[in-house]
Amino acid sequence: MEVAVFWVLAVLAIVSGAMVFRFDSMARATFSLLTSLLCVGGLVVLLGLDYLGIVIVLMMTIEMAIMAVFMVMYMMNPAGLMPMTMMHNKKGAAVVCGLLFALLAAGILLAPWPGRRGRPPKDPTMDLGMSLMGPQMLTMMTLGMALFATIVATVLLATRRGRYDRLGDDLRARRPDDPVRGGVGR
Amino acid sequence: MSLELFLLLAAALFCVGLFGALTQQSIVMLMMGLELMLGGVILAAGTVWHYIAPATADGQVLIVVAVTAMALEMAIGFAVVTALFRSREIDMTDMAAEMKE
């Protein structure tokens with residue numbers, strides 16, 4: 001049963017992953033990517049990591065829903081009613097990717113992989129939590145700082161008017177140039 | 001199922017994503033390629049955890065890092081596209097290349 005599930009998910013992941021770059025519709029490309037990443041989540045569950053697999057499934061569903069909105073916002077032909085190609089250097093990229101896959105496959109098939117060391121814990125999720133709050137605390141702190149920095153950076157990038165728009169190039173304007181006056185001195 | 005099969009699948013996903021990242025002109029489509037590549041990394045980390053070192057949580061931690069990288073990449077990517085579109089009305093990599101000059 002597990003073998004059948006593996007092959008179904010594996011084929012679906014590859015085919016839907018490749019179709020992302022074949023579809024003419026932006027919406028279809030997004031949902032094709034979602035299918036591929038949901039299969040990855042399913043395969044992670046198959047490997048015994050139920051918690052992380054479900055996290056991937058939930059996160060990718062939300063992420064792709066947001067991506068679909070941005071695709072329709074910024075790109076032409078969201079419904080795929082006309083043929084569309086937005087690719088460059090297809091041959092060169094195909095050669096690079098083909099060579100890389102051959103190299104990776106050779107490494108995977110020829111490497112003397114070590115045997116399985118130890119047994120999986122009864123509760124891998126608990127193991128992950130204890131690791132992140134213990135020996136891998138630095139990883140968790142780095143991820144937290146990266147998330148915080150991303151929040152600040154995305155707000156700065158997405159905001160329409162910055163401090164130079166408000167206070168001039170030398171930041172010395174006595175009053176900020178706001179379209180709507182506000183604050184104490186209005 | 002074996003370690004090699006899972007890793008071959010992960011390598012295939014990574015290479016399909018790389019093809020998209022190298023060929024796509026649209027920044028949003030380029031980000032989709034990066035997401036596929038990270039999907040391959042996630043699968044490889046899970047495979048190494050399951051088949052080689054299930055007793056330690058290092059493989060799981062690597063999956064957490066990759067999933068976080070996916071979220072950060074998307075958030076920053078869309079913010080950059082928004083800023084680019086607002087200033088130049090472009091969403092294609094070829095047109096954004098002139099900004100380095």
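Reader: How many aromatic pairs does a search of the whole structure find over all chains?

Author: Three, over all chains. Bear in mind that this is a predicted model.

Reader: What describes a pair of aromatic rings?

Author: In general, you give the distance of the centres and the angle of the planes. Take A:F6 and A:W7 here: the ring centres are 5.4 Å apart and the planes sit at 75 degrees, so this pair is edge-to-face. The cut-off for that label is over 60 degrees.

Reader: Are A:F6 and A:W7 buried or exposed?

Author: A:F6 is buried, with a relative accessible area of 1%. A:W7, on the other hand, is partly exposed at 44%.

Reader: And how do the rings of B:F6 and B:Y51 pair?

Author: That pair is tilted, because the planes meet at 45 degrees, with the centres 6.0 Å apart. B:F6 belongs to helix 1 of chain B and B:Y51 to helix 2 of chain B, so to speak a link between distant parts of the chain, 45 residues apart. B:F6 counts as buried, at 1% relative accessibility. Ring pairs also join A:F6, A:W7, B:F6 and B:Y51 into a cluster.

Reader: Let's go to the interface. How many residues does each chain bring to the contact?

Author: Chain B brings 68 residues and chain A brings 77 residues. The buried area between them is about 6,600 Å², and carbon and sulfur atoms give 80% of that. On the chain B side, B:M1, B:M32 and B:I52 lose the most area to chain A, together 10% of what that side buries.

Reader: What about salt bridges and polar contacts, how many of each?

Author: The rule finds zero salt bridges across the interface of chain B and chain A. For polar contacts, the count is seven residue pairs, both partners at pLDDT 80 or more.

Reader: Which helices of chain B supply the side that touches chain A?

Author: Helix 1 (3-23), helix 2 (27-51), helix 3 (58-88) and helix 4 (93-96) each supply at least two residues. Helix 3 of chain B gives the largest share, 22 residues. Sorted by class, the chain B side has 47 nonpolar, 15 polar and six charged residues.

Reader: Can we zoom in on one residue? Where is A:T150, and what is in contact with it?

Author: You'll find A:T150 in helix 6 (residues 137-158) of chain A. At 9% relative accessibility, A:T150 counts as buried, since the cut-off for buried is under 20%. Its side chain reaches the backbone oxygen of A:A146 at 2.6 Å. Setting aside neighbours within four places in sequence, A:T150 is in contact with B:L72, B:A75 and B:I76.

Reader: Now backbone angles. Which sign of phi do most residues other than glycine have?

Author: Most have a negative phi. A:L171 has a positive phi of about 60 degrees although it is not a glycine. A:L171 is placed in the segment after helix 7 of chain A, and is partly exposed, with a relative accessible area of 31%.

Reader: Where does A:D169 lie, and is that residue buried or exposed?

Author: A:D169 also lies in the segment after helix 7 (163-167) of chain A. At 72% relative accessibility, A:D169 counts as exposed. If you want a distance to try in your viewer, A:D169 and A:G107 are 55 Å apart in space, C-alpha to C-alpha, and 62 residues apart in sequence.

Note on methods: Residues numbered from 1 in each chain as written. Chains lettered and ligands numbered in written order. Predicted model: local features only at pLDDT ≥ 70, side-chain atom pairs only at ≥ 80, totals over all residues. Heavy atoms only, no water. Contact = heavy atoms within 4.5 Å. Buried area = accessible area lost by both parts, 1.4 Å probe. Salt bridge = Lys/Arg side-chain N within 4 Å of Asp/Glu carboxyl O. Polar contact = N/O pair within 3.5 Å; in protein donor to acceptor, adjacent residues only side chain to side chain. Helix = DSSP H or I, 4+ residues; strand = E, 2+ residues; numbered from the N terminus. Nonpolar A, V, L, I, M, F, W, Y, C, P; charged D, E, K, R; others polar. Phe/Tyr/Trp six-rings, centres within 6.5 Å; stacked < 30°, edge-to-face > 60°. Buried < 20%, exposed > 50% of the residue type's maximum accessible area, 1.4 Å probe, protein only.
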